[in-house]
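Please look over the model below before reading on. The paragraphs after it start from a single residue, move out to the chain as a whole, and then return to selected helices and loops.

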Amino acid sequence: MKAAILGAGRMGETVIGHLLDDPILTGLIAYDVRAERTAELAARYPIEVTTELRRVLDDPQVRVVFVTASNDAHAELSLAALAAGKAVMCEKPMAARLEDAAAMARTAHETAGFLQVGFELRYSRLYTTVKQWIDEGLLGDVLAVNCTYVPGEFWGRDSWRTQATSGGMFGEKLSHYVDLPRWWTGSEVTEVYSASAPNAVPYFQVRDNYQTTCRFGTGAVGHLSFLMALASTTTDLDPLQDMLTQQRGDGHELRYLVQGTKGAAETDIFGRSIKRWAFEETRRGLDSSLVEQLTWALADDHTYLHNTTEQARDVVRRVRDGRPPSIAPDDALQTMFVCAAAELSSDEGRPVRLEDIAALGNAGKQSLEGTT
Ligand SMILES: NC(=O)c1ccc[n+]([C@@H]2O[C@H](COP(=O)([O-])OP(=O)(O)OC[C@H]3O[C@@H](n4cnc5c(N)ncnc54)[C@H](O)[C@@H]3O)[C@@H](O)[C@H]2O)c1
């Protein structure tokens, strides 16, 4: 079987790299609307390229497509591929508009098609370690999940990501970070309150900051604090160098604190560290002791932080074996609902209930877009 890349920019090229020597595949074909881009890829890799979507969809050997185009093209490409009977692995966000994401999930159900969404943090060891601790009961019942995320403005003026058509910051960037607490706790968000200050980045059509609080069905609470402009940007750094070390102490932060009834966990990307504490009642009061601290080598950053390699290969294996996606379409759609609720809450300055967003999304009436 062959795999196709639909939208072959930077992420598309990353997936080509992951799948080039996958022994299950007999070939790769990359499709993009830009002929200069497909020519560039054809010169660089032993793959087929095309600017005709039909050529991919009509090729019976292509059984799985990776939708790695810009967000505004996700729905159109995914729906066309599902209609052609292809398995679809679509990058996050599912779509730039919530109603399109809902239509994708619906179509996958109606056609019994394979649709997975690119939440590769669920394949990444930093976060699977926390999941394992929670599933083993080491943290007890999860009560609070706190995420602080401070990157620099690394998109630049010309990026499609700064435009309203990208679907907004929550879908593009923060969907990963509200998806994780849902997955870790196994509990659904019931209500979201989000507040955003005016932008620091004047040319963004999307928001650059959020203070977002989610209530979960179990009573747990999650908070995400996101500031995009504070840390130094990274555009001038050599990506082959140890970027985390350079950025550490330079304002960058991406840290989770997960508190349960029996213990707590911390993930800290810029410290390359995962920690676990255990709580114990003593005569003095509640004692907390650090019981595990793990780190990893620079060479393992990809596996720990953004394991798109394992995600891509797992999808190919699942399609070959006729197994369902590891993340069901409705599961991914719930994360899109949380993103839309956060944008709406930041728009209107009021808490937003997920059931209201779900009803609007399914009825095609609520956009994911959150713009300044
Ligand atoms: N999961 C992650 O951590 C992660 C990381 C990076 C990017 N992404 C996602 O990957 C996607 C692409 O990001 P990128 O950085 O590669 O962007 P990019 O701008 O480098 O590439 C996007 C490509 O899509 C092509 N395109 C646009 N509309 C198209 C259409 N209708 N049909 C075919 N091709 C079309 C463009 O020509 C371009 O080559 C985005 O959805 C982004 O959110 C995910």
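In which strand is the place of Glu 266? This residue lies in strand S12 of what is a predicted model. Is Glu 266 buried or exposed? With a relative accessible area of 7%, Glu 266 is under the 20% cut-off, so it counts as buried. Once neighbours within four places in sequence are left aside, the contacts of Glu 266 are Arg 255, Tyr 256, Leu 257, Ser 273, Ile 274, Lys 275 and Trp 277. Gly 186 is 80 residues from Glu 266 in sequence, and the two C-alpha atoms are 18 Å apart in space.

Strand S12 covers residues 263-268, and strand S13 covers residues 273-281. The loop between these two strands holds Arg 272. Its backbone is worth a look: Arg 272 is not a glycine, yet it has a positive phi of about 45 degrees. Arg 272 is buried, with a relative accessible area of 12%.

Now the whole chain. The protein chain has 12 helices and 15 strands. Its radius of gyration is 21 Å, close to the 21 Å that the globule rule gives for 372 residues, so the chain is as compact as a globular protein of that length. Measured out along the principal axes, the C-alpha trace spans about 70 × 45 × 40 Å. Of the 372 residues, 54% are buried. Taking contacts between residues at least 6 apart in sequence, 66% of them join residues at least 24 apart. The accessible surface comes to about 15,900 Å², and carbon and sulfur atoms account for 49% of that surface. The chain carries 37 positive and 51 negative charges, and the mean positions of the two sets are 3 Å apart.

Helix H10 is the next stop. It runs over residues 308-321 and has 14 residues, which at 1.5 Å a residue should span 20 Å; the end C-alpha atoms are 20 Å apart, so the two values agree. Which residues of H10 are buried? They are Thr 308, Gln 311, Ala 312, Asp 314, Val 315, Val 316, Arg 318 and Val 319. These buried residues pack against two helices, H1 (10-19) and H9 (301-305), and against strands S4 (62-67), S5 (87-91) and S6 (115-118). After H10 comes Gly 322, with a positive phi near 70 degrees.

Helix H6 can be read in a similar way. It takes in residues 125-135, and its buried residues are Leu 126, Tyr 127, Thr 129, Val 130, Lys 131, Trp 133 and Ile 134. Gly 137 follows H6 and has a positive phi near 80 degrees.

Two loops remain, one on each side of helix H5. The loop between S5 and H5 (98-111) contains Pro 93. The peptide bond from Lys 92 to Pro 93 is cis, with omega near -10 degrees. In the loop between H5 and S6 is Ala 112, which has a positive phi of about 50 degrees although it is not a glycine. Is Ala 112 buried or exposed? Ala 112 is exposed, with a relative accessible area of 70%, whereas Arg 272, which also has a positive phi, is buried.

Notes. Residues numbered from 1 in each chain as written. Predicted model: local features only at pLDDT ≥ 70, side-chain atom pairs only at ≥ 80, totals over all residues. Heavy atoms only, no water. Helix = DSSP H or I, 4+ residues; strand = E, 2+ residues; numbered from the N terminus. Rg over C-alpha atoms; globule rule 2.2 N^0.38 Å. Buried < 20%, exposed > 50% of the residue type's maximum accessible area, 1.4 Å probe, protein only. Contact = heavy atoms within 4.5 Å. Areas by Shrake-Rupley, 256 points an atom, 1.4 Å probe, with all protein chains shown as cover. Lys, Arg positive; Asp, Glu negative; His and termini not counted. Charge placed at Lys NZ, Arg CZ, Asp CG, Glu CD. Expected span 1.5 Å × (residues − 1).
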